[in-house]
Amino acid sequence: MNYQITIKYLHERFANAYLFSNSEYSKDFQPPDKSAVPFIPKYAIILGTGLGGLANEVEKKMSIPYDEIPGFEKSTAPTHEGTLIAGFIKGVPVIVFKGRFHYYEGYPMQLVVYPVRIARLLGVKYLFVTNAAGSLNEDFKPGQLVRLKDHINMMGYNPLIGSNELDKKIIIDGKEVYSFGERFPSMHQVYDNAIADIAHKIAEDNGISLKSGVYCGLTGPSFETRAECLMLNRWGADLVGMSTVPEVIAAVHCGLKVFAVSVVTNLSNIYHSEPHSQSDIKKNADKAAKDLLFLVKSLIAEINTTAE
Ligand code: HPA
């Protein structure tokens with residue numbers, strides 16, 4: 001595979017995806033030139049705070065800074081680098097978003113979910129999301145990995161608000177399809193059970209503690225008060241964070257299968273009355289990073305052979 005051509009090819013595909021996603025320019029949309037290099041990523045992985053190490057595991061990789069991708073902005077969040085990495089994990093084509101856009105950065109929701117839609121336009125079938133979260137559940141201690149089984153959207157906004165893109169057509173894998181999805185997508189089964197089962201089996205076989213829980217997404221950037229944490233806990237949330245929910249809603253809307261894992265970086269202040277420390281959050285994310293990395297890599301290899 002020719003590195004230069006691949007970068008050029010990706011740039012072309014991003015440019016086309018951008019033109020397509022921006023309705024003003026959609027008349028200029030061109031199907032990607034698939035004769036260039038057949039790199040169709042199957043997985044998109046969004047890496048959260050302190051979890052960027054996974055990007056080093058990508059083989060034959062090409063990196064593109066976000067500011068070179070049409071429609072992207074620089075991520076301003078701490079430890080969010082802002083690079084897209086395309087390459088292979090266990091021989092499977094992937095794209096990794098090292099850094100995400102948060103609503104609290106002041107970006108519109110359309111931008112927060114833009115990487116997911118770009119991924120879909122590039123041919124991705126599975127979205128893996130990682131994040132750092134506070135624990136509302138006394139069984140989930142810092143450093144614990146928790147697979148999301150459901151979520152509560154408390155961001156006061158939904159990324160699908162606005163005109164639905166259903167009437168636009170795009171070419172994916174040579175087929176003309178409607179993008180991105182229906183007006184009122186069901187959220188009855190957001191996180192894919194088959195993938196979750198495989199993840200729990202891998203964790204069990206390898207001595208990794210993987211729990212499952214409900215994630216509540218708030219806008220931030222202030223952390224929650226104790227009263228808010230108590231309320232979220234009574235609502236049935238196990239984890240609280242400032243991301244993931246918008247990307248996952250957009251992913252379900254456009255038909256991606258979703259797997260998401262939180263790394264518990266701190267206890268919420270139901271359990272203590274100390275201020276949150278960014279350095280502790282980073283330290284606890286680092287602690288869990290090795291297991292998370294192993295889990296994601298194994299999952300990609302395993303799904304490829306079993307779940308399809
Ligand atoms: N609250 C919200 N977001 C977070 C937290 C938290 O306690 N920890 C890491 N991200």
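This passage describes the fold, core, strand pairing and ligand surroundings of a predicted model.

The protein contains seven helices and 11 strands. Of its 308 residues, 45% are buried. Contacts across the sequence are mostly long in range. Among those between residues at least 6 apart in sequence, 79% join residues at least 24 apart.

The largest nonpolar core holds 85 residues. Within this core, Ile45, Ile95, Val96, Leu127 and Val258 touch the most other members. Helix 7, spanning residues 278–306, gives the most to the core, with 10 residues. The surroundings of Val96 can be listed in detail. With residues up to four places away in sequence left out, Val96 touches Ile45, Leu47, Leu54, Ala55, Val58 and Ile85. Ile45 thus appears twice: it is among the core residues that touch the most other members, and it is a contact of Val96.

Helix 6 covers residues 245–253. Nine of its nine residues are buried, so helix 6 is largely enclosed by the rest of the structure. The buried set begins with Val245, Pro246, Glu247, Val248 and Ile249. It continues with Ala250, Ala251, Val252 and His253. Glu247 counts as charged, yet it is one of these buried residues. Just after helix 6, Gly255 adopts a positive phi of about 85°.

Strand 6 pairs with two other strands. Its residues, 145–153, run parallel to strand 9, residues 210–217, and eight bridges join the two. One of the bridge partners is Leu210 in strand 9, which is matched with Leu145. Strand 6 also pairs with strand 11, here in the antiparallel sense, over three bridges. In that pairing, Val146 is partnered by Ser262 of strand 11.

Strand 11 also takes part in the ligand shell. Strand 5 (126–135), strand 10 (239–241) and strand 11 (257–267) each supply at least two residues of the shell. The largest share, three residues, comes from strand 5. In total, 14 residues surround the ligand. Ala132, Gly134, Val240, Gly241 and Met242 come nearest. By type, the shell divides into six nonpolar, seven polar and one charged residue.

Conventions. Residues numbered from 1 in each chain as written. Predicted model: local features only at pLDDT ≥ 70, side-chain atom pairs only at ≥ 80, totals over all residues. Near = placed C-beta within 6 Å. Helix = DSSP H or I, 4+ residues; strand = E, 2+ residues; numbered from the N terminus. Pairing = 2+ DSSP bridges. Core = buried A, V, L, I, M, F, W, Y, C linked by C-beta atoms within 7 Å. Buried ≥ 20, exposed ≤ 12 C-beta atoms within 10 Å, placed from the backbone. Contact = placed C-beta atoms within 7 Å.
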